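Colleague: I have a model open and want to learn how to read it. Can you take me through it feature by feature?

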Amino acid sequence: MDQVYKIKKSLKAPMLLAVVISLPVFVDVISSGFPTKTLIMAITLMVLFYLFTLNNLIKRVIVSSGEVSIKSLFGSSRIALDEISRLDGITMGTRQF
């Protein structure tokens, strides 16, 4: 049976809040009449910020009996369980690193 892991719900709220708060900031920068170079940089950062936020919200790690696969906005990758030679991690309280 596959086990699917997604980002914790407690982390989704701050990411969505950051997106909502950043919208007026980006709109203000775009409408302020800054030089073209500054506008291009702001728009690029805005698009990257929203893409990475969306990617974090939809990313899934699926552990099945034969492989581990990671599916995200930018594609998916798979690795067979026999190919995993080392796994490092530490648990502190309820958090894993």
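The dialogue below goes through confidence, helix 1, a buried residue, a salt bridge and aromatic rings.

Colleague: What should I know before I start, and what is the mean pLDDT of the protein?

Modeller: This is a predicted model, where local features need pLDDT of at least 70, side-chain atom pairs count only at pLDDT 80 or more, and totals for chains, interfaces and linings use all residues. Residues are numbered from 1 along each chain as its sequence is written, and side-chain values use heavy atoms, with hydrogens and water left out. pLDDT is the predictor's confidence in each residue, from 0 to 100. Where it is low, the predicted coordinates should not be read in detail. Here the mean is 82, and 93% of residues reach 70 or more. Confidence is lowest in strand 6 (residues 95–96), at a mean of 69. It is highest in strand 4 (residues 75–80), at 88.

Colleague: How many residues does helix 1 have, and where does its kink lie?

Modeller: Helices (H or I, at least four residues) and strands (E, at least two) are DSSP runs, numbered from the N terminus. The expected span of a helix is 1.5 Å times one less than its number of residues. Helix 1 (residues 9–31) has 23 residues and reaches 34 Å from first to last C-alpha, close to the expected 33 Å. A bend is the angle between axes fitted to the seven residues ending at a residue and the seven starting there. In helix 1, a kink of about 30° lies at Ser-22, shortly before Pro-24. Gly-33 follows the helix, with a positive phi near 80°.

Colleague: Which residues of helix 1 are buried?

Modeller: Buried means under 20% relative accessible area, exposed over 50%, partly exposed in between (1.4 Å probe, protein chains only). Met-15, Val-19, Ser-22 and Phe-26 are the buried ones. Their cover includes helix 2 (36–58).

Colleague: Is Thr-53 buried or exposed?

Modeller: Thr-53 sits in helix 2. It counts as buried because its relative accessibility is 9%. Beyond four places in sequence, Thr-53 is in contact (heavy atoms within 4.5 Å) with Met-15 and Val-19.

Colleague: Which residue forms a salt bridge with Arg-78?

Modeller: The rule asks for a side-chain nitrogen of Lys or Arg within 4 Å of a carboxyl oxygen of Asp or Glu. The count is one. Arg-78 pairs with Glu-67, their closest N and O atoms 2.7 Å apart. The pair links distant parts of the chain, strand 4 and strand 3 (residues 67–72), 11 residues apart. Arg-78 is exposed, at 53%. Glu-67 is partly exposed, at 25%.

Colleague: Which residues form the aromatic cluster?

Modeller: Phe-26, Phe-49 and Tyr-50 form one cluster.

Key. Phe/Tyr/Trp six-rings, centres within 6.5 Å; stacked < 30°, edge-to-face > 60°.
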